[in-house]
Amino acid sequence: MDELFVPALLSLLVASLGAILGLPIAIAVGHRLVRTRGVMRVALSSFVLLPLALPPVVTGYLLLLLLGRRGLLGPVLEPLGIRIAFSTTGAVIAGLVVGLPLYIVAARRAFEEVDPALVEVARSLGRTRAQVFREIELPLARRGLAAGAVLAFGRALGEFGATVVLAGDVAGRTRTIPLAVYAALSRPGGEGTALTLALVSVGLSVLALALHELLASARSR
Amino acid sequence: MRLALATTLLLACGSTPETPEVPLRVAAAASLTDVVPALVRELSLGPVEVHFDASSTLARQIEAGDDVDVFLSADARWAEHLVREGFADEGSAVSFATNRLVVVVARETTDAPRTLAELAALEHVAVAGAEVPAGRLARAALEHEGVRARLEPRLVDAPNVRGALAWVARGEAEAAIVFATDALIEPAVRVAFDVPAGDHPPAIDVGLALRGGHTDSAQRFLDALRSPRGRAVLAAAGFGPPP
């Protein structure tokens with residue numbers, strides 16, 4: 001049974017953490033993108049959307065070069081006791097990074113939809129930028145951000161390539177549903193487990209997408 | 001996907017342009033990644049198309065309908081499995097080399113383990129998956145030494161033996177149990193100690209000519225591996241003679 005429950009719980013954990021930890025990043029970058037123009041906008045937007053176009057395996061490899069023990073930041077992470085390879089931390093980072101582009105695009109759209117007139121009025125009434133952001137923009141963008149969170153969650157749920165390269169395949173730590181399906185398929189008699197996990201995967205994805213649809217349609221009304 | 005190691009290369013050596021031949025399709029164990037191209041070159045076996053991965057993965061792919069003429073497995077088990085499933089004739093599996101298991105550590109490691117029991121002091125020990133020949137034999141050795149249960153939480157599975165080697169080369173795992181021939185090709189690692197041969201079933205590389213249109217050329221390919229020149233190339237890469 002552990003073969004089913006552990007990967008399913010791990011998938012939910014990894015995807016939820018990705019959606020939670022990604023929120024401040026999506027808000028900051030999405031908000032920035034609305035206000036940035038010209039070359040800077042193209043540069044920033046291409047950079048943050050990169051994991052959407054890159055093969056996940058490449059994303060995983062680049063993350064390994066950055067965060068691995070011999071990576072650029074390895075000497076910083078090691079004394080802090082942070083190990084990326086073979087740890088749930090690594091799986092969360094992989095899921096977070098591949099989900100971020102969708103999250104940021106949703107956040108940018110949500111902030112774009114905030115009526116600029118409202119912002120101007122508030123500013124003319126003496127509110128600071130920070131107050132306007134907190135009291136007007138953020139509350140109005142709430143549903144859009146929630147829709148982005150669901151998309152990022154869904155994307156992290158399906159993450160395979162970056163996870164397996166960055167965090168490896170360790171049962172109970174990094175073996176989420178996609179990795180468990182792959183492991184089950186590469187051993188004789190594993191088809192039953194693979195099929196059950198596939199059904200769980202379909203169920204979770206449908207739930208996430210339905211939730212996204214609800215949030216999106218509620219926003220457009 | 002995860003198979004950074006699974007490469008397909010087209011080696012067209014020794015064939016003359018006037019005789020356009022269909023390349024022989026070879027599926028070979030990850031541990032043979034370097035020696036198969038050398039064999040093809042030295043023995044003029046081309047043109048061949050080679051695909052490398054864990055023997056278990058390749059066997060699954062062949063079962064699923066992958067069109068392959070020759071299967072080179074790192075243990076007898078997967079070759080026998082395909083014979084049982086009717087993908088090759090009874091008795092057609094031939095052993096062409098043997099291998100040994102070793103424990104590797106990063107080259108600069110100062111306090112390397114000396115026995116399998118000492119691996120329990122490390123954080124991560126990379127092995128190939130339980131169905132992969134190198135992973136199955138490694139687990140058998142740990143079992144034999146009575147340390148498998150203690151080590152289990154520290155074992156990290158790689159999709160194939162070269163994956164386990166790569167984790168050590170990158171410094172993410174402190175040690176790996178791999179074949180002696182794998183240790184030779186990676187300059188970033190060194191052998192800490194040999195796994196006692198009596199601890200596990202023998203590692204025998206087995207070739208299989210699969211049923212299909214090219215069984216004869218597949219058989220010739222396997223015969224060449226067992227020829228004196230073939231053995232010399234295999235020996236130079238660290239493989240032992242077939243039993």
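In the predicted model, buried residues account for 47% of the 221 residues of chain A. Chain A contains 10 helices and zero strands, so that its elements, read along the sequence, give the pattern α-α-α-α-α-α-α-α-α-α. Taken along the principal axes, the C-alpha atoms of chain A occupy a box of roughly 70 × 45 × 30 Å. Of the contacts in chain A with a separation of 6 or more, 71% are made by residues 24 or more positions apart.

One residue of chain A is notable for its backbone geometry. A:Phe86, although not a glycine, has a positive phi of about 60 degrees, and it is placed in the loop between helix H4 (74–77) and helix H5 (88–112) of chain A. With a relative accessibility of 1%, A:Phe86 counts as buried, the limit for that class being under 20% relative accessible area. A positive phi is also found in chain B, where that of B:Ser44 is near 50 degrees. B:Ser44 belongs to the loop between helix H1 (35–42) and strand E3 (48–53) of chain B, and at 46% relative accessibility B:Ser44 is classed as partly exposed. Most residues other than glycine have a negative phi.

The nonpolar interior was examined next. The largest nonpolar core comprises 77 residues, of which B:Leu32, B:Val36, B:Leu72, B:Leu116, B:Leu119, B:Ile177 and B:Phe221 touch the most other members. Helix H6 of chain B makes the greatest contribution to this core, giving six residues. The surroundings of B:Leu72 illustrate how residues from separate stretches of chain B meet: when its neighbours within four places in sequence are set aside, B:Leu72 is in contact with B:Val26, B:Ala27, B:Ala28 and B:Ala29, with B:Leu32 and B:Val36, with B:Phe96, with B:Val206 and B:Gly207, and with B:Phe221, B:Leu222 and B:Leu225. A second core, separate from the one described above, is made up of 35 residues and includes A:Ile27, A:Phe111, A:Ala180 and A:Leu197. In soluble globular proteins, nonpolar side chains tend to be buried together.

The contact between the two chains draws 22 residues from chain B and 27 residues from chain A. About 2100 Å² is buried between chain B and chain A, with 53% of that area on carbon and sulfur atoms. The size of an interface is often given as the accessible area lost when the parts come together. Eight residue pairs are in polar contact between chain B and chain A, both residues being at pLDDT 80 or more. On the side of chain B that touches chain A, the elements giving two or more residues are strand E8 (155–158) and helix H6 (161–169) of chain B. The residues on that side of chain B comprise 11 nonpolar, two polar and nine charged. Helix H6 of chain B thus appears in two settings, as a contributor to the side that touches chain A and as the element that gives the most to the largest core.

Charged pairs also join the two chains, with five salt bridges counted between chain B and chain A. One of the salt bridges in the model is formed by A:Arg69 and B:Glu174, whose closest N and O atoms are 3.1 Å apart. The same two residues take part in a network of salt bridges that links A:Arg69, A:Glu78, A:Arg83, B:Glu123 and B:Glu174.

Over all chains, the structure holds 26 salt bridges. Within chain B, B:Arg25 and B:Asp67 form a salt bridge in which the closest N and O atoms are 3.5 Å apart. B:Arg25 lies in strand E2 (residues 24–29) of chain B, whereas B:Asp67 lies in the loop between helix H2 (55–63) and strand E4 (70–73), so the pair ties together parts that are 42 residues apart in sequence. B:Asp67 is itself exposed, at a relative accessible area of 57%. Another salt bridge of chain B pairs B:Glu118 with B:Arg114, with 3.4 Å between the closest N and O atoms. B:Glu118 is partly exposed, having a relative accessible area of 30%, while B:Arg114 counts as exposed at 61% relative accessibility. The side chains of B:Glu143 and B:Arg148 likewise meet in a salt bridge, at 3.2 Å from N to O, and B:Arg148 is partly exposed with a relative accessible area of 26%.

How values were computed: Residues numbered from 1 in each chain as written. Chains lettered and ligands numbered in written order. Heavy atoms only, no water. Contact = heavy atoms within 4.5 Å. Buried area = accessible area lost by both parts, 1.4 Å probe. Salt bridge = Lys/Arg side-chain N within 4 Å of Asp/Glu carboxyl O. Polar contact = N/O pair within 3.5 Å; in protein donor to acceptor, adjacent residues only side chain to side chain. Helix = DSSP H or I, 4+ residues; strand = E, 2+ residues; numbered from the N terminus. Nonpolar A, V, L, I, M, F, W, Y, C, P; charged D, E, K, R; others polar. Buried < 20%, exposed > 50% of the residue type's maximum accessible area, 1.4 Å probe, protein only. Core = buried A, V, L, I, M, F, W, Y, C linked by side-chain atoms within 4.5 Å.
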